[in-house]
Amino acid sequence: MQGPKAYIEQNKDRFLNELMDLLKIPSISADSAFSHDVLHMAETVEEALKAAGCTHTEICETDGYPIVYGERTIDPSLPTVLVYGHYDVQPPDPLNLWTSPPFEPVVKKTNLHPNGAIYARGASDDKGQMYMHVKALEYMVQNDKLPCNVKFMIEGEEEVGSNSLVTFVKENQERLANDIILISDTGMIAKDVPSITTGLRGLSYVEVEVTGPNRDLHSGLYGGAVANPINILAKMIASLHDENNHITIPGFYDKVQELSKEEREAMAKAPFDLKAYQDEIGIEAVYGEKGYTTNERNSIRPTLDVNGIWGGYTGEGAKTVIPSKAYAKISMRLVPNQDWHEITELFSNHFKSIAPKGVTVKVTPHHGGQGYVTPIDFVGYRAAEKAYEKTFGKTPIPQRGGGSIPIVALFEKELQSKTILMGFGLDSDSIHSPNEHFGVENYLKGIETIPYFYQYFTEMSK
Ligand code: BES
Ligand code: MN
Ligand code: MN
């Protein structure tokens, strides 16, 4: 019987080609023009699960995009691993910044990835990482190494808020019963510095609309005498941070879980190169909340950011106009124990309260979710740690992540199980950006590491 390494070596070209085929499908959940492709993607994932060894698969219809379910039960008395991932991707725009088309995957060699990286939208987030689990299952089934039961739940609405999954999880608690949830949809510190994500931030995403006059006005005739909604919106947004970059919304920090001195010291030990961090994204200095390090600012601290702002005239040339309306999309990343409904409410009330007379303000919540922290002293974490030790020869570093996978907190609430976030992506993968890519070695290392998690988790659960 062979280990995963030998099996991967024999099959790596096929593993790569299969992933490239998935990456050709533009399964963009945010854009309804691609709904046919999203549905096609769901069918393709179902076939892949079947081919890898799931004995039962199903496309579960929802009010939105379907959830692909698969399972292989070998013995009900053994533990069950539930794998979650998503088959939808972010829109690829701006298209002109891609060096190769987003849905025509190619392998390119880079300094960081001398053995190549797969360039395509979804390569790292999350098709590549999701597919590692499918290929790990194939290895285990083909080599008689599957030590426990496995269930797969792959959704198509993660990038737009997982609305259908929320209902699905609440209605299918028995079917989804498991001992541990396993997700690869996060990153690791560096290619040779394995880490396990022990926390995710929550999210509150809102859209604001500021309305002034009932129509666009001549900016000479009316300028100076009427509130300009864009000027006002800019002022209101600027006032949401003080000079120390603290958020000024009353009550915003009330429930924020502060870390102990020891926890912060442990965090500071993780390797971090500020210069490399700045260079990689082309900035000369970092910026953020006073009193916190870069790694704290982007993981254990809440934030408020404008994601987009528009209104008035943005076409070619100049048009002299005081616009009737101004808009912005604003996201707040939250940390344990902030509640996203409460924060949305606090934001909404505060934002309306700071609007001057002469404009009206509308706040529309989009979606959100709670943050998550996982302990490191339980069998799930220890099994993951041992799996990385086996394949990387190093103990992985626990690391709080800054991104959000809102469904993880819901899994804990509805399914009473913990999640292990075994991510193999890198910050430099450019997820959600042009030229997203996933290192070939990262992909193969993931496929190699996952089966050991199953083995150790099953052994340690006895
Ligand atoms: N995979 C990401 C989340 C992520 C990436 C977490 C890297 C940690 C490290 C996920 O697909 C994502 O993009 N989530 C969204 C939230 C969602 C509600 C749209 C996010 O974080 O913006
Ligand atoms: Mn993702
Ligand atoms: Mn994403």
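1. Let's start with how the two domains of this predicted model meet. Domain 1 and domain 2 bury about 430 Å² between them, and 53% of that area is on carbon and sulfur atoms. On the side of domain 1, Gly371, Arg400 and Ser404 are the residues to look at: they supply 64% of the area that domain 1 buries against domain 2, more than any other three residues.

2. Next, find the domains along the chain. The domain assignment gives domain 1 as 4-200 + 371-460 and domain 2 as 202-256 + 302-366. Taken over C-alpha atoms, their centres are 36 Å apart. How many residues are in contact across the boundary? Seven residues of domain 1 are in contact with four residues of domain 2. If you go hunting for salt bridges across this interface, the rule finds zero.

3. Now turn to the manganese ion (ligand 3). Which residues supply its protein donors? They are Asp125 (OD), Glu159 (OE), Glu159 (OE) and His432 (NE2), so Glu159 appears twice in the list. These donors lie 2.1 to 2.6 Å from the ion. In sequence, the spacing of the donor residues is D-x33-E-x272-H.

4. What geometry does this site have? With six donor atoms and angles of 55 to 154° among them, the site of the manganese ion (ligand 3) is irregular. As a yardstick, ideal angles are 90 or 180 degrees for six octahedral donors. To count as octahedral, opposite donors would have to be over 155 degrees apart.

5. Asp125 deserves a second look. This residue bridges the manganese ion (ligand 3) and the manganese ion (ligand 2), which lie 3.6 Å apart. Asp125 sits in the loop between β5 (117-119) and α3 (127-142), while His432 sits in the loop between β17 (419-421) and β18 (437-439), so the pair ties together parts that are 307 residues apart in sequence.

6. Are Asp125 and His432 buried or exposed? Asp125 is buried, with a relative accessible area of 6%. His432 counts as partly exposed, at 39% relative accessibility.

7. Finally, try locating Lys386, which is in helix α10 (residues 379-392). Lys386 is partly exposed, because its relative accessible area of 35% falls between the 20% and 50% cut-offs. Leaving out residues up to four places away in sequence, Lys386 touches Tyr456 and Met460. Tyr87 makes a good second landmark: the C-alpha atoms of Lys386 and Tyr87 are separated by 28 Å, and the two residues are 299 residues apart along the chain.

Methods:
Residues numbered from 1 in each chain as written. Chains lettered and ligands numbered in written order. Predicted model: local features only at pLDDT ≥ 70, side-chain atom pairs only at ≥ 80, totals over all residues. Heavy atoms only, no water. Donors = N, O, S within 2.8 Å, 3.2 Å for Na, K, Ca; no water. Tetrahedral: all angles 85-135°; square planar, octahedral: opposite > 155°, others 65-115°. Helix = DSSP H or I, 4+ residues; strand = E, 2+ residues; numbered from the N terminus. Buried < 20%, exposed > 50% of the residue type's maximum accessible area, 1.4 Å probe, protein only. Domains from an automatic or database assignment. Contact = heavy atoms within 4.5 Å. Buried area = accessible area lost by both parts, 1.4 Å probe. Salt bridge = Lys/Arg side-chain N within 4 Å of Asp/Glu carboxyl O.
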